[in-house]
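Trainee: Could you take me through one part of this model closely, going residue by residue where that helps? I would like a connected account rather than a list.

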Amino acid sequence: MLRFALGNEHFQLEQYAEAIEALKGAIEIDPEYAFVYIQLAEAYEKSGRTALARQTVEAGRGPQR
């Protein structure tokens, strides 16, 4: 939760590179926390990395059946 909060704070301050690093750390700690994927995808999108944003959304959906 702390990593997510840190990432969210960076995101709010438009510090997207820092937000991305913190949010990736949050996913490593808890890969089941879906909202982190959404926030990370938004940070990627805001930093102009749309392909990574799409990949992150897909990863957050989990394996397709």
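Mentor: Let us begin with F11, which counts as buried at 10% relative accessibility, and bear in mind throughout that this is a predicted model. F11 is one of the residues through which helix α1 meets helix α2, and F11 also belongs to the group in α1 that meets helix α3, and F11 therefore serves well as a starting point for a close look at α1, its partners and the aromatic rings around them, beginning with its burial at 10% relative accessibility.The ring of F11 has a partner in Y16: the two ring centres are 5.4 Å apart and the planes stand at 65 degrees, over the 60 degrees required, so the pair is edge-to-face. Y16 is buried as well, with a relative accessible area of 17%, and Y16 is among the residues that α2 brings to its contact with α1.

That contact is best read together with the geometry of the two helices. Helix α1 covers residues 2-12 and helix α2 covers residues 16-29; their axes come within 8 Å and cross at roughly 160 degrees, and α1 and α2 are therefore roughly antiparallel to each other. The crossing in which α1 passes α2 is left-handed. On the α1 side the contact is made by R3, F4, L6, G7, N8, H10 and F11, while α2 contributes Y16, E18, A19, E21, A22, L23, G25, A26 and I29. Sorted by class, the residues of this contact are nine nonpolar, four polar and three charged.

Between these two helices runs a loop, and E14 lies in it. The backbone of E14 deserves attention, since its phi is near 60 degrees, a positive value in a residue other than glycine. E14 counts as exposed, at 59% relative accessibility.

The other partner of α1 is helix α3, residues 34-46, and here the axes come within 11 Å and cross at roughly 30 degrees. That angle makes α1 roughly parallel to α3. The crossing of α1 past α3 is again described as left-handed. The residues that meet are F4, N8 and F11 from α1 and F35, V36, Q39, E42, A43 and K46 from α3. By class, this contact holds five nonpolar, two polar and two charged residues.

Within α3, the residue to examine is Q39. Q39 is buried, with a relative accessible area of 4%. If its neighbours within four places in sequence are left aside, Q39 is in contact with F4, N8, F11 and L23. Of these, F4, N8 and F11 appear in the contact of α1 with α3, whereas L23 is one of the α2 residues that meet α1. Q39 in α3 thus touches residues that also take part in the packing of α1 against α2, including F4 and L23.

F4 leads back to the aromatic rings, for which the count comes to three pairs. F4 and Y33 form one that is edge-to-face, with 5.5 Å from centre to centre and 75 degrees between the planes. This pair links distant parts of the chain, because F4 sits in helix α1 and Y33 in the loop between α2 and α3, 29 residues apart. The two partners differ in accessibility class: F4 is buried, with a relative accessible area of 10%, whereas Y33 is partly exposed, with a relative accessible area of 29%. Together with F35, these two residues form one aromatic cluster, and F35 is itself among the α3 residues that α1 meets.

A few positions outside this part help to place it in the chain. M1 has its place in the segment before α1 and counts as exposed at 71% relative accessibility; its C-alpha atom and that of L40, 39 residues away along the chain, are separated by 14 Å. Towards the other end, L52 is found in helix α4, residues 50-61, and at 27% relative accessibility L52 counts as partly exposed. L52 and P31 are 21 residues apart in sequence and 17 Å apart in space, C-alpha to C-alpha. G62 is found in the segment after α4 and is partly exposed, with a relative accessible area of 25%; from C-alpha to C-alpha, G62 and A34 are 9.4 Å apart in space and 28 residues apart in sequence.

Terms used: Residues are numbered from 1 along each chain as its sequence is written. This is a predicted model: local features need pLDDT of at least 70, side-chain atom pairs count only at pLDDT 80 or more; totals for chains, interfaces and linings use all residues. Side-chain values use heavy atoms; hydrogens and water are left out. Axes are lines fitted to C-alpha atoms, for helices over the stretch in contact, and angles run from 0 to 180 degrees between N-to-C directions. Helices (H or I, at least four residues) and strands (E, at least two) are DSSP runs, numbered from the N terminus. Angles under 35 degrees count as roughly parallel, over 145 as roughly antiparallel, 65 to 115 as roughly perpendicular and the rest as oblique. A crossing is left-handed if the near helix is turned anticlockwise from the far one by less than a right angle, and right-handed if clockwise. Contact means heavy atoms within 4.5 Å. Ala, Val, Leu, Ile, Met, Phe, Trp, Tyr, Cys and Pro count as nonpolar, Asp, Glu, Lys and Arg as charged, and the others, Gly among them, as polar. Buried means under 20% relative accessible area, exposed over 50%, partly exposed in between (1.4 Å probe, protein chains only). Rings of Phe, Tyr and Trp (its six-membered ring) pair if their centres lie within 6.5 Å; planes under 30 degrees apart count as stacked, over 60 as edge-to-face and the rest as tilted.
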